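Dear colleague,

I am handing over a structure for you to look through at your own pace. Please open it first, and then read the notes underneath beside it.

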Amino acid sequence: MSSGPPAGRKCAAGCEKSFFNGKYFTSMDEKISQIKTFYEAAFRKFDPAKTVPEIDVCFYPYIGINHTIRVRDGVVFVRLAELCDAMPESGHRALAEILVAKLLRKKVPALARETYSRFVKQTEIRERAVENKRNFGRKIVTAARGEFFDLDEIFEKLNAVYFRKSLPKPVLSWSARKTYRILGHHDGTHETIVVSRSLDDRSVPEYVVEYIVYHEMLHIFHPTVHHNGRRSIHTPEFRRSERRFADYEKAERWIEQNIKHIKRRAKKTNGQS
Ligand SMILES: [Zn+2]
């Protein structure tokens with residue numbers, strides 16, 4: 001497996017597109033490399049004769065508990081619902097067996113199925129509780145329109161100011177959960193920009209949300225470059241464009257100074273330890 005660009009510059013597992021800024025995600029990198037080994041083990045288990053393929057794991061802010069596994073150009077892409085990022089090791093091991101068995105059309109081991117469904121039930125109960133709390137007495141929010149910020153509006157504005165309205169409009173959505181490691185995400189395959197719900201808050205300045213959306217829009221503007229078989233996501237041109245954002249310094253500083261609060265608030269709402 002290739003060593004890839006320095007950790008944190010992109011989704012740890014080399015997933016298609018960006019996670020926001022590398023500096024906030026080191027612990028995620030470690031978690032993902034560990035989860036990757038479970039998938040390698042599952043491939044060895046179900047198909048011992050074959051060499052283990054290259055595996056690319058990432059968490060994706062799916063709403064609800066959905067996971068996908070697919071093969072593209074010989075690489076196995078695993079996308080795990082962000083809701084399961086707190087799943088214990090045993091759960092991830094079981095899920096790896098389930099997804100790999102399905103991919104290879106093998107029988108899913110009963111023990112894996114049991115272990116995993118036990119975890120899912122717990123998560124669903126917890127999520128429902130959070131969801132209920134969230135909806136109580138609140139105005140209706142859609143995927144793009146949050147309580148405080150409307151991502152569609154922000155996109156239109158930025159597209160006019162920075163891109164001469166040239167960017168095709170992707171699907172814009174707030175994440176299901178208040179993520180704090182991942183503030184923004186662009187998925188080129190599904191043309192989607194997801195922004196962390198933790199930023200849909202009265203305490204967050206609009207230029208910060210705009211900055212995150214702008215960063216993700218740059219991923220549409222500067223497609224991923226392949227160089228010597230490596231994917232280069234935040235190229236020097238990308239970084240140059242990034243600095244053209246009017247409130248670049250201010251937004252960076254705000255995030256730096258407030259990431260701890262965002263984290264604390266997110267943990268509280270998400271009901272994690
Ligand atoms: Zn990025």
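The notes below go from the whole chain to its cores, then to one helix and one sheet.

Please keep in mind that this is a predicted model. The chain has 273 residues, of which 34% count as buried, and it contains seven helices and eight strands. Among the contacts between residues at least 6 apart in sequence, 53% join residues that are at least 24 apart.

The largest nonpolar core is made of 28 residues, and those with the most contacts inside it are Tyr39, Val57, Val78, Ala96 and Leu99. Two or more residues of this core come from each of helix H1 (26-46), strand E1 (54-60), strand E3 (75-81), helix H2 (89-103) and helix H3 (110-135), and the largest share, six residues, is given by H2. If you would like one residue to start from, take Tyr39, which, once its neighbours within four places in sequence are left aside, is in contact with Ile55, Val57, Val78, Ala96 and Val100. There is also a second, separate core of 23 residues, which includes Leu151, Ile182, Val195 and Val208.

Helix H2 deserves a slower look. Its buried residues are Gly91, His92, Arg93, Ala94, Leu95, Ala96, Glu97, Ile98, Leu99 and Val100. You can also check the length of H2 yourself: with 15 residues and 1.5 Å a residue, the helix should span 21 Å, and because its end C-alpha atoms are 21 Å apart, the two values agree. After H2 comes Arg105, which has a positive phi, near 55°.

For the sheet, it helps to recall that strands of a sheet pair through backbone hydrogen bonds, and that this pairing is either parallel or antiparallel. Here, three strands form an open sheet in the order E1-E3-E2, with mixed pairing. Why is one side of E1 and of strand E2 (68-72) left without a neighbour in the sheet? Both strands stand at the edges and each has a single partner strand, so nothing in the sheet lies on the other side of either. From one strand to the next, the twist averages 20°. E2 and E3 run antiparallel and are joined by five bridges; as an example of a residue pair to find on your screen, Val71 has Val76 in E3 as its bridge partner.

With best wishes

Conventions. Residues numbered from 1 in each chain as written. Predicted model: local features only at pLDDT ≥ 70, side-chain atom pairs only at ≥ 80, totals over all residues. Core = buried A, V, L, I, M, F, W, Y, C linked by C-beta atoms within 7 Å. Buried ≥ 20, exposed ≤ 12 C-beta atoms within 10 Å, placed from the backbone. Helix = DSSP H or I, 4+ residues; strand = E, 2+ residues; numbered from the N terminus. Contact = placed C-beta atoms within 7 Å. Expected span 1.5 Å × (residues − 1). Pairing = 2+ DSSP bridges. Axes fitted to C-alpha atoms, helices over the stretch in contact; angles between N-to-C directions.
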